[in-house]
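Let's take a few labels used for this protein and check how each one is earned. Have a look first, and then we'll go through them together.

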Amino acid sequence: VQSTTSPFWFKYGVFASSTSYLSTLFLDGALNFGATTSTSTIGTFAGQTFITASSTAGTTGFGLNALKSVSTGENNTAFGFEAGTNLAGAGYNVAVGWRALFSEQGNGNNVAVGAQAMLNSSGSGNVAVGTAALYQNGGWYNTAIGEGAGYNQTGGEGNIMIGHGANVPNLTGDNQLSIGNKIYGNLANGHIGIGTTSPWAK
């Protein structure tokens, strides 16, 4: 249906026939596809942000309160309930999952995939994949893969944690490796050890 007189206008998006038709449409919120600001809330439900998009900053949010605080941040993507909800001026973040990257406000270049991944974290250049991975990390350039990997990490840079609940020995230290809490490494000098948190051999 195409119309210039009705406020309800579909063009090429809704079709009707004798066998297929649109019978009911419910909208308990607001859609604002005519937004005039560069970063806008496009959709709301029950007064909560649901869809956020930017025509100039490359930002896209989908989910209740996803990216609801974004203002000057650029190139952020969030998908899920309260994903990236407090990101304001940060850029180049990706948050996928329930409350992923929830508390981060001003740092960028983070990737959080999984429910509560990097939930209470700050810092930049971190990668967390798995439920509650890097949950409370405050450091930079850390990588955690696995459910709860890096959960206890509160600082440090350049650490790698792989496996369920994997954590490095020094929770604020730098350049450490932990694979399944069995294989440890010092990434600064290249030492690797099995079953010891103080590896000495290359």
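Q: Why is Val96 called partly exposed?
A: Val96 has 31% relative accessibility, and partly exposed covers what lies between buried (under 20% relative accessible area) and exposed (over 50%), using a 1.4 Å probe and protein chains only. Therefore Val96 counts as partly exposed. A note on the source: this is a predicted model, where local features need pLDDT of at least 70 and side-chain atom pairs count only at pLDDT 80 or more, while totals for chains, interfaces and linings use all residues. Residues are numbered from 1 along each chain as its sequence is written, and side-chain values use heavy atoms, leaving out hydrogens and water.

Q: What makes the contact between Arg99 and Glu82 a salt bridge?
A: The term asks for a side-chain nitrogen of Lys or Arg within 4 Å of a carboxyl oxygen of Asp or Glu. In this pair the closest N and O atoms are 2.6 Å apart, so the definition is met. A search of the whole structure finds 1 salt bridge.

Q: Why does this pair tie together separate parts?
A: Arg99 sits in the loop between strand 6 (94-96) and strand 7 (111-113), and Glu82 in the loop between strand 5 (77-79) and strand 6, so the parts joined are 17 residues apart in sequence. Strands here are DSSP runs (E, at least two residues), numbered from the N terminus.

Q: How do you know whether Glu82 is buried or exposed?
A: Its relative accessibility is 11%, so Glu82 counts as buried. Its partner Arg99, at 28%, is partly exposed.

Key
Helices (H or I, at least four residues) and strands (E, at least two) are DSSP runs, numbered from the N terminus.
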